[in-house]
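User: Please take me through this structure in short questions and answers.

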Amino acid sequence: MQLEKVPTTTAFLNGKEYLYFSGTSYLGAAALPEFQELLFKAIQKWGVSYGSSRSANIKLDVYKKGETYLANFLQTETAVTVSSGTLAGQFAINTLDKLVDAFYCMPKTHPAILPENALPVFKDSELHSSLKSIKNKKISIVLDGIAAFETTPFSFGFLNEIDISNTIYLVIDESHSLGVLGKDGNGISELVPKRKNIKVIITSSLGKAFGVNGGVIAGDLSFINLIKKDNLFIGCAGMSPAFLEVFINAQEIYKNQLVKLKTNMEYVYLQLKDNTVITIDKTYPVFFHSDEKIEQILLDKNILITSFYYATSTKKFNRIVLNANHTKAQLDFLINSINIKVK
């Protein structure tokens, strides 16, 4: 499908308007005139890009302001921005590869943070045997804040089964949880057990809920400094300064949109929670339909959803996405279209 303009709550395909329940713009901020006005002003100030290395002698103060805000928002010691969430993940993993003795991954981890040599955290529904016996090592466990096909975060209880003599670098890709989950939209890292041997590293795109192109890595100062010394980091340009300033200045918009999104999520959840072919949670704006024909069924009703084969799954991915700007009428049309019994 080739859309003819950027979708909001609707999209245009072959000259026809459809309801749009796809994408990742959970807060719907980028569609708002007040958000766009912030962007226009930021571009007038900073231009559309800034191609200099972040390590050059001349620096832009917006990076320090934005990264200080992000560190406070994510409750980490410090943070650094890069041009995308995928690059953020790759920087974190490449840096850890020089530090740790072994990598482990939770199910359905995004390729951006998935090392080739990672062992599964669980095998045959039990903690991997090596994690039960390992001691006095540095290990990294990687996972998504919200994994593919899931609507709630993983439980972190398994971390308490790993010997405390190990240093655990817990890498969480918060791309689909920042802006949505957590008390103020600051993600799921607050759910991690507070243990001295657990070092939380957050990587994330800022282009999902927040609607600005860029990525962030947040964690301990010593770890972030290692990333800043990476030759690739030194050699590449940073995140667009205009987008970073928009992120800083749009916080009130994000907060207001999150309130609207929570209302929409709860409304749809109450209508669909008893539908046995749907996986849904009232705190997450994405739900899944198990019928592989649902994409065409909804398309026939002028509704677009996400449907494809995900990189880490052989099962078709039928992903239905809410955003803060969907109206009650639009939500009702979606709900009624899904609840009609398919013969």
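The turns below go from the whole chain to a sheet, a helix and a single residue.

Analyst: This is a predicted model, so local features need pLDDT of at least 70, side-chain atom pairs count only at pLDDT 80 or more, and totals for chains, interfaces and linings use all residues. Residues are numbered from 1 along each chain as its sequence is written, and side-chain values use heavy atoms, with hydrogens and water left out.

User: What radius of gyration does the chain have, against that of a compact globule?

Analyst: The radius is taken over C-alpha atoms, and the globule rule is 2.2 Å times the number of residues to the power 0.38. For 343 residues a compact globule would come near 20 Å. The C-alpha trace spans about 60 × 55 × 30 Å along its principal axes. The chain agrees with the globule value, at 21 Å.

User: How many helices and strands does the chain have?

Analyst: Both are DSSP runs numbered from the N terminus: helices are H or I with at least four residues, strands are E with at least two. The count is 10 helices and 15 strands.

User: What is the strand order of the open sheet of seven strands?

Analyst: Two strands pair if DSSP finds at least two bridges between them. Pairing in this sheet is mixed. Strands S3 (78-82) and S5 (119-120) are the edges, each pairing on one side only. The order is S3-S11-S10-S9-S8-S4-S5.

User: Which residue of S10 is the bridge partner of Leu170?

Analyst: Leu170 is in S9, where it stands opposite Ile141. Strand S8 (residues 138-144) runs parallel to S9, joined by seven bridges. S9 (residues 167-173) also pairs in the parallel sense with S10 (residues 198-205), over six bridges. In S10, the partner of Leu170 is Val200.

User: How many residues of S9 are buried?

Analyst: Buried means under 20% relative accessible area, exposed over 50%, and partly exposed in between, with a 1.4 Å probe and protein chains only. S10 is mostly covered, with six of its eight residues buried. S9 is largely enclosed by the rest of the structure, because its buried residues number six of the seven.

User: Which residue of S11 stands opposite Ser205?

Analyst: S10 and S11 run antiparallel, joined by four bridges. Helix H2 (residues 61-74) lies across S3, S10 and strand S11 (215-219). Opposite Ser205 stands Gly215.

User: Within what arc do the buried residues of H10 fall?

Analyst: Helix H10 (residues 328-339) has Gln330, Leu331, Leu334, Ile335, Ser337 and Ile338 buried. The arc is that of the directions from the helix axis to the C-beta atoms. Exposed Lys328 and Ala329 sit on the face turned away from the buried side. The buried residues line one face of the helix, because their arc is 165 degrees.

User: Is Ile305 buried or exposed?

Analyst: Ile305 lies in strand S14 (residues 303-309). Contact means heavy atoms within 4.5 Å. Leaving aside neighbours within four places in sequence, Ile305 is in contact with residues including Phe21, Leu298 and Ile320. Its relative accessibility is 9%, so Ile305 counts as buried.

User: How far apart in space are Ile305 and Asp332?

Analyst: In sequence, Ile305 and Asp332 are 27 residues apart. Asp332 belongs to H10, residues 328-339. C-alpha to C-alpha, the separation of Ile305 and Asp332 is 15 Å.

How values were computed. Expected span 1.5 Å × (residues − 1). Axes fitted to C-alpha atoms, helices over the stretch in contact; angles between N-to-C directions.
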